[in-house]
Each structure stands twice: as C-alpha cells, then as structure tokens.
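Me: I have this model open on my screen and would like a close look at one part of it. Could you pick a spot where aromatic side chains and helices come together, and walk me through it slowly?

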Amino acid sequence: WRSASVQNQHLTYSELNDRANQLAHHLFALGVGRGDFVGLFVERSLEMVIALFATLKVGAAYVPIDPAYPSDRVTFMLDDAQVSVLVTQEHMRTRIPPYHGQIVPVDTDRPNIDQMPRTKLPRHEHGDDLAYMIYTSGSTGQPKGAMNTHSGICNRLLWMQAAYHLEPDDRILQKTPFSFDVSVWEFFWPLLTGAGLVMADPEG
C-alpha cells in the first residue's frame with residue numbers, strides 16, 4: 001500500500017522505511033544522537049515525512065520550523081533549542097537566517113544519503129525519550145518549547161485507533177502545519193495502522 005503521497009509522488013511503507021533509515025544514518029554520521037534536537041525547515045512534502053521518521057530513528061527529537069516564520073523567530077528557535085543540524089530543502093536555503101550549524105538539504109544531498117545503509121540503526125528507543133519540541137505562538141510573550149515523549153504520543157495514537165478504527169483502505173489528509181501539535185497524529189496515526197497518508201500541497 002502507499003504510505004504517503006503528494007503531487008502524484010508516492011512512497012510505499014518499505015520505501016519510506018528505507019529512506020528514513022538512510023537519512024538516520026546520515027544524521028548519525030554528522031554526530032546526531034539520542035537527546036539531540038534536529039531542526040526541520042521544510043515544506044509539506046514526502047521529504048518532510050522522511051525527515052520526521054529519520055530524526056526519531058536516530059534517537060533525536062524534531063523541532064518543526066515553519067519556513068513562513070519571520071527570520072527573527074527562526075533564529076530564536078534555533079538558538080533556544082540548540083539545534084546543531086537543520087534539515088531543509090534546497091529551494092528553502094535562502095530563507096534560513098544566519099546559522100552556524102550543519103545544514104542538510106535532503107533533496108540535493110540525496111545522492112550522498114542514498115549511499116547510506118537501509119538497515120535500522122542499532123539503538124533502542126525508550127518511552128521517556130523526547131520525540132519533538134514544538135514552540136508556542138508566543139502571543140503572551142516569548143515562544144516556549146513544549147516537549148512530548150514517545151510514550152505520550154503512543155498513548156494518544158493507541159487511544160485514537162481504539163476509538164476510530166482506521167483500516168488499511170483508509171486515507172488521512174495531512175493538512176495541519178507541522179508546527180502545531182495536531183499534526184503529530186495526522187502524520188503517525190495512519191502509518192501506525194497500515195492506512196495511507198496523503199499530504200496536502202504546501203499552503204494547500
């Protein structure tokens with residue numbers, strides 16, 4: 001079954017797993033590991049889904065950064081989260097404010113990433129490990145990073161599946177900006193159950 005699709009592109013579960021493993025190995029080679037924060041500065045796309053899973057596979061937590069954010073907000077988030085690696089797309093690089101960490105454009109770096117193993121990294125996840133840090137809007141002051149663990153996400157997803165019973169023939173539209181926590185179940189619930197994930201166009 002297709003696991004994710006956008007603009008007539010699609011990935012099977014096997015392809016998604018392989019590419020996420022390869023990107024995870026690439027991030028590991030750059031020094032990313034358990035407890036680190038990886039910034040994701042990407043438009044809604046298959047690369048976004050791959051980067052989400054790769055970050056979790058390497059043991060890090062993802063920090064979603066909307067490319068539409070003002071540059072000063074992006075700078076604050078990168079500094080506050082101490083992001084050492086920023087995953088992006090080549091056409092997004094001009095929107096990144098001055099940044100001294102490592103930048104990984106997943107599309108133009110694809111030839112190098114494709115050389116990495118497709119096997120899972122030899123590591124063991126723990127339920128208390130952080131999965132993401134999503135920043136608040138900052139409407140009442142400075143934005144704050146709200147963190148969640150693997151066990152917290154799993155608890156929510158298992159409850160949703162028990163309540164709503166997704167099946168492999170079902171499709172879920174991923175439309176919420178990934179800088180909002182509602183996006184988390186949109187990404188992971190269908191892929192937990194064998195259903196299809198359909199990505200809305202950027203700004204769509």
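**Tyr 164 and the helix pair around it**

Reply: Let's begin with Tyr 164, which counts as exposed at 52% relative accessibility. That value sits just on the exposed side, because the cut-off for exposed is over 50%. Please keep in mind as we go that this is a predicted model.

The ring of Tyr 164 has a partner in Trp 159. Their centres are 6.0 Å apart and their planes stand at 85°, so this pair is edge-to-face. The cut-off behind that label is a plane angle over 60 degrees. Trp 159 has a relative accessible area of 48%, which makes it partly exposed. Those two rings belong to a wider group: ring pairs join Tyr 164 and Trp 159 with Trp 185 and Trp 189 into a cluster.

Now for the helices that carry this region. Tyr 164 is one of the helix 5 residues that touch helix 6, and Trp 185 and Trp 189 are among the residues helix 6 brings to that contact. A pair of packed helices is described by the angle between the axes and by their distance. Here helix 5 covers residues 150-164 and helix 6 covers residues 182-193, with axes that come within 10 Å and cross at roughly 65°. The crossing is right-handed.

Which residues make the contact? From helix 5 come Ile 153, Arg 156, Leu 157, Leu 158, Met 160, Gln 161 and Tyr 164. Helix 6 answers with Val 184, Trp 185, Phe 188, Trp 189, Leu 192 and Thr 193. Sorted by type, this set holds 10 nonpolar residues, 2 polar ones and 1 charged one. If you trace the contact residues on screen, it helps to recall that an α-helix has 3.6 residues a turn, so residues three or four places apart point the same way.

Is helix 6 largely enclosed or largely open? Of its 12 residues, 9 are buried, so the rest of the structure largely encloses it. The buried ones are Ser 183, Val 184, Glu 186, Phe 187, Phe 188, Trp 189, Pro 190, Leu 191 and Thr 193. Notice that Trp 189, a member of the ring cluster, is on that buried list. The length of helix 6 also fits expectation: at 1.5 Å a residue it should span 16 Å, and its end C-alpha atoms lie 18 Å apart, which agrees.

Phe 188 deserves a stop of its own. It is buried, at 9% relative accessibility, and it takes part in the contact with helix 5. The search of the whole structure turns up 7 aromatic pairs, and one of these joins Phe 188 to Phe 53. Their centres are 5.1 Å apart with 70° between the planes, giving an edge-to-face pair. Phe 53 sits in helix 2 (residues 46-57) and Phe 188 in helix 6, so this pair ties together parts that lie 135 residues apart in sequence. On the helix 2 side, Phe 53 is partly exposed, with a relative accessible area of 22%.

What about the surroundings of Tyr 164 along the chain? Ala 163 is also in helix 5, and at 38% relative accessibility it counts as partly exposed. From Ala 163 to Pro 190 is 27 residues in sequence and 14 Å in space, C-alpha to C-alpha. Pro 190 itself is among the buried residues of helix 6.

Finally, look at how the chain leaves each helix. Most residues other than glycine have a negative phi. His 165, however, has a positive phi near 55° and is not a glycine. You will find His 165 in the loop between helix 5 and strand 9 (171-174). After helix 6 comes Gly 194, with a positive phi near 85°.

To pull the picture together: helix 5 and helix 6 cross at roughly 65°, and a cluster of Trp 159, Tyr 164, Trp 185 and Trp 189 is linked by ring pairs. Phe 188 adds a link from helix 6 to helix 2 through its pairing with Phe 53. When you rotate the model, try starting from exposed Tyr 164 and finishing at buried Phe 188.

Key. Residues are numbered from 1 along each chain as its sequence is written. This is a predicted model: local features need pLDDT of at least 70, side-chain atom pairs count only at pLDDT 80 or more; totals for chains, interfaces and linings use all residues. Side-chain values use heavy atoms; hydrogens and water are left out. Axes are lines fitted to C-alpha atoms, for helices over the stretch in contact, and angles run from 0 to 180 degrees between N-to-C directions. Helices (H or I, at least four residues) and strands (E, at least two) are DSSP runs, numbered from the N terminus. A crossing is left-handed if the near helix is turned anticlockwise from the far one by less than a right angle, and right-handed if clockwise. Contact means heavy atoms within 4.5 Å. Ala, Val, Leu, Ile, Met, Phe, Trp, Tyr, Cys and Pro count as nonpolar, Asp, Glu, Lys and Arg as charged, and the others, Gly among them, as polar. Rings of Phe, Tyr and Trp (its six-membered ring) pair if their centres lie within 6.5 Å; planes under 30 degrees apart count as stacked, over 60 as edge-to-face and the rest as tilted. Buried means under 20% relative accessible area, exposed over 50%, partly exposed in between (1.4 Å probe, protein chains only). The expected span of a helix is 1.5 Å times one less than its number of residues.
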